[in-house]
Amino acid sequence: MKLPRVECPKCRRPTAVAPKSGSLTQGRLWRHDDASARRDPEGFLVSCSESLSTVDLPEIGRQMVFDLDTPDADTAPEPAPLDTFALF
């Protein structure tokens with residue numbers, strides 16, 4: 001699944017945003033590192049303070065559409081009858 005990206009309000013990095021439960025217009029930023037503070041004094045990566053914050057989605061959520069190749073019911077051939085077997 002490809003998530004939309006938005007610019008982080010603090011560090012300005014393009015960050016993936018996941019849909020927020022119960023809202024079609026808002027989502028949560030994925031955890032990401034701040035470009036200006038890549039590591040703390042012990043050498044560990046530092047997450048941006050805006051990670052997991054709620055932001056507006058770049059486009060409003062919409063229903064997923066599947067492009068199925070379904071034949072027309074009028075021109076479709078009749079399915080072959082299934083053979084039946086006694087189970088017991």
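I began with the sheet of this predicted model: 4 strands (DSSP runs of E, at least two residues, numbered from the N terminus) form an open sheet in the order β1-β2-β3-β4, with antiparallel pairing, where two strands count as paired if DSSP finds at least two bridges between them. I noted that β1 (5–7) and β4 (54–56) are the edge strands with a single partner each, so one side of each has no neighbour in the sheet. For the neighbouring strands I found an average turn of 55 degrees against each other, direction ignored, taken between axes that are lines fitted to C-alpha atoms.

I then looked at one pair: β3 (residues 26–29) and β4 run antiparallel and are joined by 3 bridges, and in β4 it is D56 that partners Q26.

For the chain as a whole I recorded 0 helices (DSSP runs of H or I, at least four residues) beside the 4 strands, and the elements run β-β-β-β from the N terminus on.

I looked up burial next: 19% of the 88 residues are buried, that is, under 20% relative accessible area with a 1.4 Å probe, protein chains only. The accessible surface (Shrake-Rupley method, 1.4 Å probe) comes to about 7,900 Å², and 56% of this surface belongs to carbon and sulfur atoms.

Of the contacts (heavy atoms within 4.5 Å) between residues at least 6 apart in sequence, 37% join residues at least 24 apart.

On conventions, I note that residues are numbered from 1 along each chain as its sequence is written, and that side-chain values use heavy atoms, without hydrogens and water. Local features need pLDDT of at least 70 and side-chain atom pairs count only at pLDDT 80 or more, whereas totals for chains, interfaces and linings use all residues.

Methods. Buried < 20%, exposed > 50% of the residue type's maximum accessible area, 1.4 Å probe, protein only. Axes fitted to C-alpha atoms, helices over the stretch in contact; angles between N-to-C directions.
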